[in-house]
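Biologist: Can you walk me through this one? I'd like to hear the reasoning behind the labels.

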Amino acid sequence: MIRYEESDKLELPLRESMERLRKLVALMAITPDSRLSELPFHQRALLVPVLSFASSLYCLSLSLRRRLFLSSLLPTHRLPVPVISVGNLTWGGNGKTPMVEFIASFFDEIGIPSLVLTRGYGGGDEVKMLKRHLLRTSARIGVGSNRKAIADSLFERYGFMDAKLFLEKLSWSCKSCKFGGSSVDEKIGVVVLDDGMQHWSLFRDVEIVMVNGLMPWGNNHLIPRGPLREPLTALSRADVVVVHHADLVSDTELENLKSTIRKVSASIPIFFTRLSPSYFFEIKNYSNKLPLSVVHDMVVLCVSAIGFPDAFVQGLCKLGPLHVDRLDFSDHHLTEINDIVLVTKKVQMLENEFKVKAVIVMTEKDYYRDPVILKQLHDSKVFILCSSLQFLPSNEQSAGDFTRKLRKLLQNKIEFQ
């Protein structure tokens with residue numbers, strides 16, 4: 001039996017109201033101006049002017065901050081090793097964390113230890129997931145808002161490769177250079193800057209921009225009126241663009257998306273990726289991997305607090321469940337006991353409707369945000385879906401082509417310094 005205090009009951013309406021407001025703002029951010037009339041009048045009349053004014057202020061501050069960095073009134077620091085920024089133009093669901101993991105794993109394979117610098121949002125879900133996935137690699141993870149200071153402390157602790165050795169390892173591609181050999185191999189060779197596109201206080205050698213193929217630019221407004229962190233013209237700074245969730249987008253939409261990107265930067269390389277489901281584990285036995293077929297012909301409730309839950313739900317539907325329902329919370333939402341009550345009620349409704357036991361499916365990020373409180377769902381089976389980044393081969397744009405492009409960009413930047 002789930003219990004909660006009287007104070008929780010009193011706070012519940014307020015939390016639910018705030019959650020509804022966040023969902024409404026997120027909905028408006030993906031709704032084109034031409035379709036705003038579909039929203040209730042009182043919502044449009046109240047929120048559109050307020051959000052538009054806030055977006056104007058954001059645009060002004062963004063422009064001023066950018067000018068301060070360009071004029072060197074605000075300093076841009078250069079680290080002693082190459083820096084690869086993985087960022088995006090819009091909020092949530094762009095595949096930054098899987099791409100950071102992919103890049104760190106690639107460098108580990110060729111004997112170059114990497115340092116991942118991340119702010120660690122929300123409950124630290126992304127950091128916890130990265131630490132688990134990169135546990136058996138040479139990658140280090142630095143967490144904090146002052147990423148220059150974090151990097152300096154880790155360089156002091158582990159040391160860093162000189163440019164000559166880095167270029168040699170980058171060219172050799174030999175697994176005999178793997179971490180654990182000589183002491184020099186333990187030195188950090190490259191920095192991967194998570195969510196780094198707008199982090200202008202650190203110089204970067206390569207700029208990778210992730211784009212959500214299902215919702216590339218939203219309603220084309222800056223936040224909070226829309227999802228854009230910067231105008232589309234910022235794509236001109238990118239060395240590589242990666243369109244994520246490309247498997248869930250039609251060929252026509254992908255071509256239109258490529259055309260939009262090419263208008264900003266005609267020659268920029270464009271790659272396509274997906275989040276490929278690998279296996280499930282149950283929270284009661286996280287060490288036991290379960291096949292994807294475990295949800296076949298089952299009634300499933302998808303529960304998530306991620307940036308773009310549509311991709312998660314659509315991907316799960318492809319695994320053959322009997323029925324899929326969903327319960328979405330705002331990105332990085334910290335699960336509370338009232339949320340557990342809400343999930344439990346939703347499961348009971350599904351079981352009453354379909355006369356079978358329902359299972360709950362969550363993402364790894366949701367699990368790592370707070371695995372302890374999820375154990376309150378002890379009356380239900382809770383499966384955690386584990387996935388990995390996969391490149392979709394298209395016009396010689398495979399994973400191998402991506403890493404070769406990354407090598408070439410780094411070699412060119414370092415040799416011309």
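Here is a short back-and-forth on a predicted model.

Biologist: Why is S85 called buried?

Modeller: Buried means under 20% relative accessible area. S85 has 0% relative accessibility, so it counts as buried. You'll find S85 in strand β1.

Biologist: What makes the pairing of S85 with E207 a polar contact?

Modeller: The cut-off is a pair of N or O atoms within 3.5 Å, one able to donate a hydrogen and the other to accept it. The side chains of S85 and E207 are at 2.7 Å, so the distance fits that cut-off. Beyond its neighbours within four places in sequence, S85 also touches other residues, including L193, M197 and R204.

Biologist: How do you know that α3 is roughly perpendicular to α11?

Modeller: Their axes cross at roughly 75° and come within 12 Å. Angles of 65 to 115 degrees count as roughly perpendicular, so α3 and α11 get that label.

Biologist: Which residues meet there?

Modeller: From α3, M99, F102, I103, F106 and F107; from α11, A399, F402, T403, L406, R407 and L410. That contact divides into 9 nonpolar residues, 1 polar and 1 charged.

Biologist: What makes the set with I84, M99 and F402 a nonpolar core?

Modeller: Membership takes buried residues of the nonpolar kinds listed for a core, joined through side-chain atoms within 4.5 Å. The largest such set has 34 residues, and I84, M99 and F402 are among those with the most contacts inside it. α3 gives the most to this core, with 6 residues. M99 is in contact with V86, M210, V242, L389, F391 and F402, leaving aside its neighbours within four places in sequence. A second, separate core of 26 residues includes L301, V343, Y368 and C386.

Notes
Residues numbered from 1 in each chain as written. Predicted model: local features only at pLDDT ≥ 70, side-chain atom pairs only at ≥ 80, totals over all residues. Heavy atoms only, no water. Buried < 20%, exposed > 50% of the residue type's maximum accessible area, 1.4 Å probe, protein only. Helix = DSSP H or I, 4+ residues; strand = E, 2+ residues; numbered from the N terminus. Contact = heavy atoms within 4.5 Å. Axes fitted to C-alpha atoms, helices over the stretch in contact; angles between N-to-C directions. Parallel < 35°, antiparallel > 145°, perpendicular 65-115°, else oblique. Nonpolar A, V, L, I, M, F, W, Y, C, P; charged D, E, K, R; others polar.
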